[in-house]
Amino acid sequence: MKRLIKTIAAVSLIAALMFTAAACGGLPITQVAEAKTEDKTAVTVSSEDTKTPAPAPTPTTEPSTVPSSAAAELDPAKAKTGVDITEDTNAGLGEVEFDGVKYVPKQNVKNILLLGIDSDAERAKKSMGWRSDMIMLLSIDMDTNQITCTSIPRDTRAKVYHLDSNGKIASEVVEKLNHAYAYGGGPTNYSAENSMRCVEEFLECGELINIPISSYISIDFDGLPKLASELGGVPVVLDQSVPDVGKKGEEVVLEGNKVRKFLENRHDMDDGEWSRQAHEQAFVKSMANIIKEMGAVEAAPELYDSFMKFMRTNLTLDEVLEMAKALDGASIDEMKFNLMEEGAPEVIDGVWYYRASQNEVIHQMLDVMYDKE
């Protein structure tokens, strides 16, 4: 029992430090692994799909040696129907080459997929299901203590799998990446596994590189104000005026309703979804500073009660404690934060998508996962 409590408490710390489910809600969930059960709740994945977010920043010119779009197209000859969603078909990829430069995989990088789930009590009543409206990859280089957070737009057009009740791929479609969680059957089935696989394959850009993702943390939005209060508030400097939060240039302490207003608002922001992602990252960095000052490993037990009401993860005790030690040895000022800004919007059959730049995705991931030879 003591070991279980330590596991949960340490996992809670990692969630507190690195994960903000901006503009997302979630059903109350726990960390302890559960048996996969049939979930009969209907899944609705298109309630906001036709809304047009603010446009992405202007794309930049890309080298001709790297294909321009990271959006997948279906190839019947490569269909993975019947494959278990946990099977990594690209795991054996080693050295790669781009623009005449050879890259070798780093040997000790831990990737954790951070998911903000948009199913709250109101959506549950209406059987509206789940989508991962915040998607962020947390990468920790255990050899150098370098921490990198890569935000992925929720509307990214990518290949997404539908799973059967046994966690095998039943079919594949090209849709918004955040639909992967819905098509996994819910939080007690294979939603997290489906999200990990679909995000991994998106970042690998058709298996050109290898980005292994086998760990996740999912969290609900309603718990974030409580988290901020537990920490005595989370200070941020506003990059722009945010309604009901503060004015541009002002330092505000986020707690209570201000947390959600800061993290959720994209429609009133200068750069829409990209402003929201920047706010997520600012919140994460501020929390990391607070908890690092508390002492990462020592602070974990104090956060247990609050965090376990709205978090789910598959991280083990050894993994969590190792990451906590890495955080204690890391420089928060040197944390890296990536946004995908070089893509372009497109509307297909009335649905708004973000088509990511493959050049940008590949080079961001090369920096995280590879060394130049």
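User: Which residues line the second largest cavity?

Analyst: In this predicted model, the lining is made up of Lys-80, Val-83, Asp-84, Ile-85, Glu-87, Thr-89, Tyr-161, Ile-169, Arg-197 and Glu-201.

User: What makes these residues part of the lining of the second largest cavity?

Analyst: Lining residues need an atom within 4 Å of a cavity point, so Lys-80, Tyr-161 and Glu-201 are among those that qualify. About 30 Å³ of space lies in this cavity, and the structure holds two cavities of 30 Å³ or more.

User: How do the residues of that lining divide into nonpolar, polar and charged?

Analyst: Happily, that is a short list: four nonpolar, one polar and five charged. Asp, Glu, Lys and Arg count as charged, so Lys-80, Asp-84, Glu-87, Arg-197 and Glu-201 belong to that group.

User: Why is Arg-157 said to lie over the face of Tyr-353?

Analyst: CZ of Arg must be within 6 Å of the ring centre and within 35 degrees of the ring normal; Arg-157 lies over the face of Tyr-353 at 5.0 Å from the ring centre, so the distance fits the cut-off.

User: How many aromatic pairs does the structure hold?

Analyst: Zero.

User: What is the average pLDDT of the protein?

Analyst: The average is 78, and 72% of the residues score at least 70. Over residues 1–13 the pLDDT is below 50, though this stretch has 35 contacts beyond near neighbours in sequence. Residues 124–128 are also below 50, with eleven such contacts. Where pLDDT is low, the predicted coordinates should not be read in detail.

Technical notes. Residues are numbered from 1 along each chain as its sequence is written. This is a predicted model: local features need pLDDT of at least 70, side-chain atom pairs count only at pLDDT 80 or more; totals for chains, interfaces and linings use all residues. Side-chain values use heavy atoms; hydrogens and water are left out. pLDDT is the predictor's confidence in each residue, from 0 to 100. Contact means heavy atoms within 4.5 Å. On a 1 Å grid over the protein atoms alone, a cavity is a set of points where a 1.4 Å probe fits but cannot get out, and a pocket is an open set with protein on both sides within 12 Å along at least five of seven lines; lining residues have an atom within 4 Å of a point. Grid points are joined across faces, edges and corners, and a volume is the space filled by probe spheres set on the points. Rings of Phe, Tyr and Trp (its six-membered ring) pair if their centres lie within 6.5 Å; planes under 30 degrees apart count as stacked, over 60 as edge-to-face and the rest as tilted.
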